[in-house]
Amino acid sequence: MSTPRPFLDTPYGAYLARDVPPPDDELTRVGPGTPGGEYLRRFWQPVAFARDLGRVPLRIRIMGEDLVVFRDGSGRVGLLQLHCAHRGTSLEYGLIGERGIRCCYHGWVFDVDGRILETPGEPSSSTLGQRLCQGAYPTHEFGGLVFAYMGPPPKRPAFPLYDTYDLAGYRLDPAGKFMLPCNWLQIKDNSMDPVHTSFLHAISSGYQFTEAFGALAELDWEVTPFGMIYIATRRVGECVWVRVADFMAPNVHQFTREIEDASREKRASRPVIIRWAVPIDDTHTWNMELAQVDPAWGLAPEEIVRPGFGQSDDRPYAERQRHPADYDAQSSQRDIAVHALEHLASTDRGVIMLRKIVRDGIRTVAAGRDPRELVREPGPPIATFAQDTVLHVPPEGDAEADRRLLRATGRRVVLGPAGERPC
Ligand code: FES
Ligand SMILES: [Fe+2]
């Protein structure tokens, strides 16, 4: 953990506050052998979209490792270390075959599990191909995404299934993929920071979502068996709008589409976007998404795939300055946010809780155990909570009484009348 810089209480005091301490390495470093990197590698991670696997191999970088992903002629997906085990030529120039991939340089062929199928230049008496393997990681395709397990082979977990993968009336579609030039953790910090929706997405740059987002919410957070939730409850006229979002450890979150205007009662509307923040390296991150889509919305495939407003760098700098959004707020916290320079406030309770979940997981892995949120054996879908619920609850009493009413309503919607913890 990093040590906070002394509290600056001197006007015109920048001279006293110029040092920039290092980031929190335990939480933020992702490379092989780092505590955080080993923690992330214990979970299945999306590494590519199936739609991007074509006739040529796809070169990717995940958690500081250079890899190549491809689908061979028999339909199997391979994820191999980029550099050929023979003399290091990049397999991005390889030829995809009916079975496996052939290195362009001397024609060695590797199966999707890394086994060598051919070493054509070697004498028939050579046993090298039976003894040697190209480095490979296991993959699993789901929902149009290719997931990989990049941890120790004996510790491969079950593939986790969230209950939102299968919502009645909605279709699960592969959605956006966009890069942020910053560390993965500050992107996930954002997911449990609901107050920013009332400022960044409303007051700072004009309403990016509905006007209802501009109402300041009563905020609450709860730890769940697989991560945590925020509960943001707003007064909108005679209605109370409860918006819940999930963080699922280590690097997934899901949220409802930002289309709620809270104008009429609505029970637990749950179409969601599920988003992974997959580190490319310490200072670059892919956001990869699945989306629940109601066919009645009539969205074209390109609309589903397009990143939401302000999520990527697809706008000119001048426009981003005047109408900043998530991309700008998150990536400008430095390439790795320096926690020792922060002054966390009451609205940051969710950020503190999220970082504790991650740190606990990192230390649990370092101690040789499974993180709490890992699915070791296949089981029923994991219960999640993201939803929009709108209730007709007219205000009672003064502003303070209404705040208490909002808070109690939010907890009751998510936790039930007895206020039990989610399970
Ligand atoms: S470098 Fe790949 S086959 Fe020789
Ligand atoms: Fe946001």
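**Exercise 1. The open sheet**

Determine the order in which the four strands of the open sheet are arranged, and which strands form its edges.

Solution. In this predicted model, the strands follow one another in the order E2-E3-E4-E9, and their pairing is antiparallel. The next step is to look for strands that pair on one side only, and these are strand E2, covering 58-62, and strand E9, covering 136-137, which are therefore the edge strands under the pairing criterion of at least two bridges. Turning to one neighbouring pair, E2 and strand E3 (residues 65-71) run antiparallel and are joined by five bridges. Within this pair, isoleucine 60 stands opposite leucine 67 in E3. As background, strands of a sheet pair through backbone hydrogen bonds, either parallel or antiparallel.

**Exercise 2. From strand E2 to a distant strand**

Find the residue whose side chain meets that of arginine 61 in a salt bridge, and state where the two partners lie in the chain.

Solution. The partner is aspartate 281, and the N to O distance between the two side chains is 4.0 Å. Arginine 61 belongs to strand E2 and aspartate 281 to strand E18 (residues 272-281), so that this pair links parts of the chain that are 220 residues apart. The two partners can then be classified by accessibility: arginine 61 is partly exposed because its relative accessibility is 32%, whereas aspartate 281, at 18%, counts as buried because the limit for that class is under 20%.

**Exercise 3. Two further salt bridges**

Describe the salt bridges that aspartate 113 forms with arginine 115 and arginine 243 with aspartate 388, and decide for each partner whether it is buried, partly exposed or exposed.

Solution. The structure holds 35 salt bridges, and these two are among them. For aspartate 113 and arginine 115, the closest N and O atoms are 2.7 Å apart. Aspartate 113, with 36% relative accessibility, is partly exposed, while arginine 115, with a relative accessible area of 52%, is exposed. For arginine 243 and aspartate 388, the side chains meet at 4.0 Å, N to O. This pair links distant parts of the chain, since arginine 243 lies in strand E15 (residues 239-248) and aspartate 388 in strand E20 (residues 387-392), 145 residues apart. Arginine 243 is buried because its relative accessible area is 4%, and aspartate 388 is likewise buried, with 3%. Elsewhere, Asp220, Glu222, Arg349, Arg407 and Arg411 are joined into one network by salt bridges that share partners.

**Exercise 4. The iron ion**

Identify the protein donors of the iron ion (ligand 2) and explain why their arrangement is irregular.

Solution. The donors are His196 (NE2), His201 (NE2) and Asp326, which is listed with two OD entries, and they lie 2.1 to 2.4 Å from the ion. The spacing of these donor residues in sequence is H-x4-H-x124-D. Histidine 196, in helix H5 (residues 196-203), and aspartate 326, in helix H8 (residues 326-331), are 130 residues apart and link distant parts of the chain. Histidine 196 and aspartate 326 are both buried. The last step concerns the angles: the four donor atoms subtend 56 to 145 degrees around the iron ion (ligand 2), and the arrangement is therefore irregular.

**Exercise 5. Cysteines**

How many disulfides does the structure hold, and are cysteine 103 and cysteine 239 buried or exposed?

Solution. The number of disulfides is zero. Cysteine 103 is buried because its relative accessible area is 3%, and cysteine 239 also counts as buried, at 7% relative accessibility.

Conventions
Residues numbered from 1 in each chain as written. Chains lettered and ligands numbered in written order. Predicted model: local features only at pLDDT ≥ 70, side-chain atom pairs only at ≥ 80, totals over all residues. Heavy atoms only, no water. Disulfide = S-S within 2.5 Å. Buried < 20%, exposed > 50% of the residue type's maximum accessible area, 1.4 Å probe, protein only. Donors = N, O, S within 2.8 Å, 3.2 Å for Na, K, Ca; no water. Tetrahedral: all angles 85-135°; square planar, octahedral: opposite > 155°, others 65-115°.
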